[in-house]
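Grab a coffee and work through these exercises with the structure open beside you. Each one sets a task and then walks through a solution.

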Amino acid sequence: MKPAWSWQFEAGRLALAPALALPSPITADWAWAGSTGAGVRVAVVDSGVDAGHPAVGQVAGAVALTYDPDAPDQVRAADGPHEDLFGHGTACAGIIRSLAPEAELYSVRVLGARLTGKGTVFAAGLRWAIANRMQVVNLSLSTGKRDYFAVFHELVDEAYFAKVMLVCAVNNVAGPTYPSQYASVFSVAANEATDPYRYDYNPAPPVEFGAPGIDIEVPWLGGSTIKATGNSFAAPHIAGLVARILGKHPGLTPFQVKTILLALASNAAPPGGPDSDRHLLVR
Amino acid sequence: MPDPPERLLERVATLAADLGPALAPIGQLELLRSITAAARELFDAAACSLALLDEAQETLTFHVASGAGAQEVVGQRVPVDRGIAGWVVSSGQPVAVADVARDPRFAAEVAEATGYVPRSVLAMPLQTERDMLGVIELLDQRDDAPAGRRDMELLGLFANQAALAIEASRVFSSLGQALFKAVGLAAAGDRDLASALDELARHAPDPAAELAELAGAFARLGQVGPAERAAATRLVREFLAYATGDRRLP
């Protein structure tokens, strides 16, 4: 079982990602070793997070957003703990937690009892995350509706300039989906790996990163775990790593973090090695 | 004594509006049935079911199913804020779960409703770039299914086709209904087709209202000169090209 876009991360298909000829190479030791993600604010924009799940631990803050045509901007916000409607937000939070055990997790619930106004609420969730100075935002959901192209474009640019890392699962639809489609986000599909540190950089985007998301064990409702597949489980692996990097190197910009991730991707060309420019030939 | 012609026209229009969807070349239900049967065969699953969102976008209703538990699942309604199908339409993301029985709430709800608890579920949203329509689910695929490891990607392409077909069939039948209703209105009263369509647009819910309004504009266009018609056609094509981002259209 493979989600769409994951084919490009199959063994033998993935070309080498270009290396930077730095005086001394970027290493995992330097990038994230020893970091727990402590002090990094990570938002999970999803179906809610079950703070009682042992794999999740403490949730630092939570807000539930719902569509209400009479509210200002048509969205009503309720601060305080909430349940996870599906189990999915809990799955994402648990994956992030497994990589960045001391990150501050925030649950931004944007899904609810009806789909009407869903895109508006989803955009409001992203706006909330930017306004509340989240540093990493996991978005394992998307909308394919063209009506939202401009709204998300503006928000994604705002996040980029505010150094908010948006980590987005790409979906299966043939057409564009937002916000995974924009160049400044960290777009992620599932690769075949099970080791959470074995992620890939795709030298032929639009999808930039491949991370574990096929048949992986994830936390679910009621303290349970299930074995699931989807690009939506790949994104939180990258979100967790980004949180670890930021825990050690606060204040990095999205392009700096992408540079670090590329350098440490499993298909990165050896720095300065004979293969470092092989990507130019492979494409 | 036979009906006067205008009364007859009105009655025919009402009848056609009601019968249209049922007599369309391919009815919606038949289309959905063929989609699930094909998907089940293609992906070698024990069952395949398809649920569509209701108008209020609060509930998913299973309209068709094929395979194990099919009879029981048809007609089942699930709220969009519960379960795997709910998450898929809410998030726009497909998901596959290998062992659904380990999700205690899901297992209990499904068992109660259908008497058949699958081992695995692969759920894919049915959506176009205009709207989320529903979800298609494959239950208990055989491990050695021919499509194999690329199932999720292939089902995504399949779902895309299905969603476009469902959307096209809906637009076709709503436009047909709007036109027939307008003919009825025009025949019953002393107004022309264009103003009858306008009247319909004022009272119909979106997107039927938009279609009726558009049809009204076209009815008026039909009465103006050929040069104006050509100019209007050109404008519409230009706009379409702009709106869809397809520069090849004009």
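Before the first exercise, one convention: axes are lines fitted to C-alpha atoms, for helices over the stretch in contact, and angles run from 0 to 180 degrees between N-to-C directions. Keep in mind too that this is a predicted model.

**Exercise 1. Work out how α2(B) and α6(B) run relative to each other, and what they touch with.**

Step 1: Start with the geometry. Helix α2 of chain B covers residues 28-43 and helix α6 of chain B covers residues 151-188; their axes come within 11 Å and cross at roughly 170°.

Step 2: Apply the cut-off. Angles over 145 degrees count as roughly antiparallel, and therefore α2(B) and α6(B) are roughly antiparallel to each other.

Step 3: Find the residues that meet. From α2(B) come Q28(B), L31(B), I35(B), A39(B) and F43(B), and they face D151(B), L155(B), F158(B), A162(B), A165(B), I166(B) and S169(B) of α6(B).

Step 4: Sort them by class. The contact of α2(B) with α6(B) has nine nonpolar, two polar and one charged residues.

**Exercise 2. Do the same for α3(A) and α4(A), then say whether L155(A) is buried or exposed.**

Step 1: Helix α3 (residues 118-131) of chain A packs against helix α4 (residues 149-161) of chain A at an angle of about 15°, and the axes are 10 Å apart. That angle makes α3(A) roughly parallel to α4(A).

Step 2: Check the hand. α3(A) and α4(A) cross in a left-handed way.

Step 3: List who takes part. α3(A) brings A123(A), L126(A), R127(A) and I130(A), while α4(A) brings V151(A), F152(A), L155(A), E158(A) and A159(A). By class, that contact has seven nonpolar, no polar and two charged residues.

Step 4: Zoom in on L155(A), which sits in helix α4 of chain A. Leaving out residues up to four places away in sequence, L155(A) touches A123(A), L126(A), R127(A) and I130(A).

Step 5: Count neighbours. A residue is buried if 20 or more other C-beta atoms lie within 10 Å of its own; L155(A) has 24 of them, so it is buried.

**Exercise 3. Describe how α2(A) and α5(A) pack, and how covered each helix is.**

Step 1: The axes of helix α2 (residues 88-99) of chain A and α5(A) come within 8 Å and cross at roughly 35°. Their crossing is right-handed.

Step 2: Pick out the contact. Among the residues involved are A91(A), C92(A), I95(A) and L99(A) on α2(A), with F233(A), P236(A), H237(A) and R244(A) among those on α5(A). The contact of α2(A) with α5(A) divides into 10 nonpolar, five polar and one charged.

Step 3: Test the lengths. α2(A) has 12 residues and reaches 17 Å between its first and last C-alpha, close to the 16 Å expected at 1.5 Å a residue. For α5(A), residues 231-248, the 18 residues should span 26 Å, and the end C-alpha atoms are 27 Å apart, which agrees.

Step 4: Look at burial. In α2(A), 11 of the 12 residues are buried, so the helix is mostly covered. In α5(A), 17 of the 18 residues are buried, so that helix is largely enclosed by the rest of the structure.

**Exercise 4. Which elements of chain A each supply at least two residues to the side that touches chain B?**

Step 1: Take the overall tally. 43 residues of chain A are in contact with 38 residues of chain B.

Step 2: Assign them to elements. β11 (225-229) and α5 of chain A each supply at least two residues of that side. The largest share, four residues, comes from β11(A).

Step 3: Sort by class. The side of chain A that touches chain B has 17 nonpolar, 19 polar and seven charged residues.

**Exercise 5. Track down some backbone oddities and place them.**

Step 1: Check omega. Y178(A) and P179(A) are joined by a cis peptide bond, with omega about 0°. P179(A) lies in the loop between β6 (165-169) and β7 (186-191) of chain A.

Step 2: Check phi in chain B. Q57(B) is not a glycine, yet its phi is positive, about 60°; this residue is in the loop between β1 (45-53) and β2 (59-67) of chain B. D140(B), also a residue other than glycine, has a positive phi near 50° and belongs to strand β6 (residues 132-141) of chain B.

Step 3: Add exposure. Q57(B) counts as partly exposed, with 17 C-beta neighbours inside 10 Å. D140(B) has 19 other C-beta atoms within 10 Å, so it is partly exposed.

Terms used. Residues numbered from 1 in each chain as written. Chains lettered and ligands numbered in written order. Predicted model: local features only at pLDDT ≥ 70, side-chain atom pairs only at ≥ 80, totals over all residues. Parallel < 35°, antiparallel > 145°, perpendicular 65-115°, else oblique. Left-handed = near helix turned anticlockwise from the far one by under 90°. Contact = placed C-beta atoms within 7 Å. Nonpolar A, V, L, I, M, F, W, Y, C, P; charged D, E, K, R; others polar. Expected span 1.5 Å × (residues − 1).
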